[in-house]
Amino acid sequence: MRNKILIFLFSLFSFSSFIFAQGTAGDKAKFEYRYLIDMPTAGILEKGHVGFINEVLPYGVLITRLEAGVFDNISFGISYGGANIIGAGDPQWYKLPGVSLRFRLFNESILMPSITFGFDSQGKGEFFDSSGRYAVKSPGFFGAATKNFALLGYLSFHGAVSYSLETKDGDNFIDMYIGFEKTLGPHFSLVGEYNFAFNDNDTKSFGNGNGYLNMGLRWSLGDGFTIGFDLRDLLDNKKINPTAADRAIKIEYIKSIF
């Protein structure tokens with residue numbers, strides 16, 4: 001079995017190298033990140049492109065997102081999912097779909113980062129009706145900045161400030177994120193983010209006040225196709241069913257429709 005797995009991975013790597021993969025990861029990335037793991041970035045989907053993302057999270061959570069670049073520097077998206085989609089028993093569908101909209105105010109220059117404003121109502125994990133929130137709150141209204149540097153490929157730094165509309169739990173503080181991406185050759189990238197979770201740290205909230213530290217690996221497998229492997233909540237911040245780290249998979253495909 002181990003040999004079969006190694007042969008499969010080697011074949012997949014050889015195939016991706018053969019077709020000159022150009023997804024969102026690596027030195028040859030063709031598209032920008034709009035999210036690292038959970039945090040929004042200043043990236044935007046180019047006009048005339050559509051993006052399709054599936055995220056598989058613990059507790060059978062599956063979230064599907066469709067994005068479209070409709071104008072220069074303006075994109076929107078819609079998402080939907082639920083818990084226990086993968087597994088046995090009845091699925092627990094989200095009550096409402098998530099919606100997102102982003103507008104890039106400034107493009108990146110030598111001295112200035114790119115800056116984007118937007119809104120995203122899609123949280124992560126299970127949705128709890130009693131608290132009116134997801135296990136990890138949605139960003140809500142946000143502003144994000146991204147700056148790229150040439151360093152053995154590329155090193156990118158990201159920062160964001162957000163205000164979630166999930167305030168039924170009484171914790172309605174402004175939140176902050178910081179993150180990075182480091183390319184690892186033409187097809188791979190390492191990403192990491194820290195969500196301060198200022199809006200999820202009081203006595204009635206789901207977090208312990210440590211914030212959410214997430215790390216991930218991105219692999220561009222083909223033209224517009226990227227797969228990601230994530231380790232989430234490395235600081236054991238969540239109060240509900242704490243574990244050493246949650247494992248998740250993200251699959252993204254971006255295609256020009258013009």
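These exercises, each with a worked solution, concern a predicted model.

**Exercise 1. Place Q122 in the chain, decide whether it is buried or exposed, and find the partner of its side chain.**

Solution.
- Step 1: Q122 sits in the loop between strand 6 (114-120) and strand 7 (124-128).
- Step 2: The relative accessible area of Q122 is 2%. Buried means under 20%, so Q122 is buried.
- Step 3: A polar contact of 2.7 Å joins the side chain of Q122 to the side chain of S79.
- Step 4: Leaving aside residues up to four places away in sequence, Q122 touches I63, R65, S79, Y80, Y94, G98, Y134, S138 and P139.

**Exercise 2. Two residues touched by Q122 are Y94 and Y134. Work out how their rings are arranged.**

Solution.
- Step 1: The ring centres of Y94 and Y134 are 4.9 Å apart, and the planes stand at 90°.
- Step 2: Planes over 60 degrees apart count as edge-to-face, and the pair of Y94 and Y134 is edge-to-face.
- Step 3: Y94 belongs to the loop between strand 4 (92-93) and strand 5 (98-106), while Y134 belongs to strand 8 (residues 133-136), so the pair ties together parts 40 residues apart in sequence.
- Step 4: Both Y94 and Y134 are buried.

**Exercise 3. Classify the ring pair of F196 and F198, and state which cluster these residues belong to.**

Solution.
- Step 1: The ring centres of F196 and F198 lie 5.3 Å apart and the planes meet at 25°, so the pair is stacked.
- Step 2: F196 has a relative accessible area of 25% and is partly exposed. F198, at 28%, is partly exposed.
- Step 3: Ring pairs join F196 and F198 with F173 and Y194 in a cluster.
- Step 4: The structure has 10 aromatic pairs by this rule.

**Exercise 4. Examine the salt bridge between E67 and R34: give its distance, its place in the chain and the burial of both residues.**

Solution.
- Step 1: The side chains of E67 and R34 form a salt bridge, 2.8 Å from N to O.
- Step 2: This pair links distant parts of the chain, with E67 in strand 2 (residues 61-71) and R34 in the loop between helix 1 (2-18) and strand 1 (49-57), 33 residues apart.
- Step 3: The relative accessible area of E67 is 3%, so E67 is buried. For R34 the value is 1%, so R34 is buried.
- Step 4: Side chains of opposite charge can pair when their charged atoms come close.

**Exercise 5. Trace the salt bridge of D38 and name the network to which D38 belongs.**

Solution.
- Step 1: D38 forms a salt bridge with R232, with the closest N and O atoms 2.9 Å apart.
- Step 2: D38 is in the loop between helix 1 and strand 1, and R232 is in strand 14 (residues 225-232), 194 residues apart.
- Step 3: D38 and R232 are buried.
- Step 4: Salt bridges link D38, E55, K124 and R232 in a network.
- Step 5: The whole structure contains 15 salt bridges.

**Exercise 6. Which residues form the nonpolar surface patch that includes F141, and how is F141 itself placed?**

Solution.
- Step 1: The patch is formed by F141, V161, Y163, L165, F173, I174 and M176.
- Step 2: Together these residues have about 660 Å² of accessible area.
- Step 3: F141 lies in strand 9 (residues 140-150). With a relative accessible area of 46%, F141 is partly exposed.

Technical notes
Residues numbered from 1 in each chain as written. Predicted model: local features only at pLDDT ≥ 70, side-chain atom pairs only at ≥ 80, totals over all residues. Heavy atoms only, no water. Patch = residues over 30% accessible without salt bridge, like charges linked within 9 Å, V, L, I, M, F, W, Y side chains within 5 Å. Areas by Shrake-Rupley, 256 points an atom, 1.4 Å probe, with all protein chains shown as cover. Salt bridge = Lys/Arg side-chain N within 4 Å of Asp/Glu carboxyl O. Helix = DSSP H or I, 4+ residues; strand = E, 2+ residues; numbered from the N terminus. Buried < 20%, exposed > 50% of the residue type's maximum accessible area, 1.4 Å probe, protein only. Polar contact = N/O pair within 3.5 Å; in protein donor to acceptor, adjacent residues only side chain to side chain. Contact = heavy atoms within 4.5 Å. Phe/Tyr/Trp six-rings, centres within 6.5 Å; stacked < 30°, edge-to-face > 60°.
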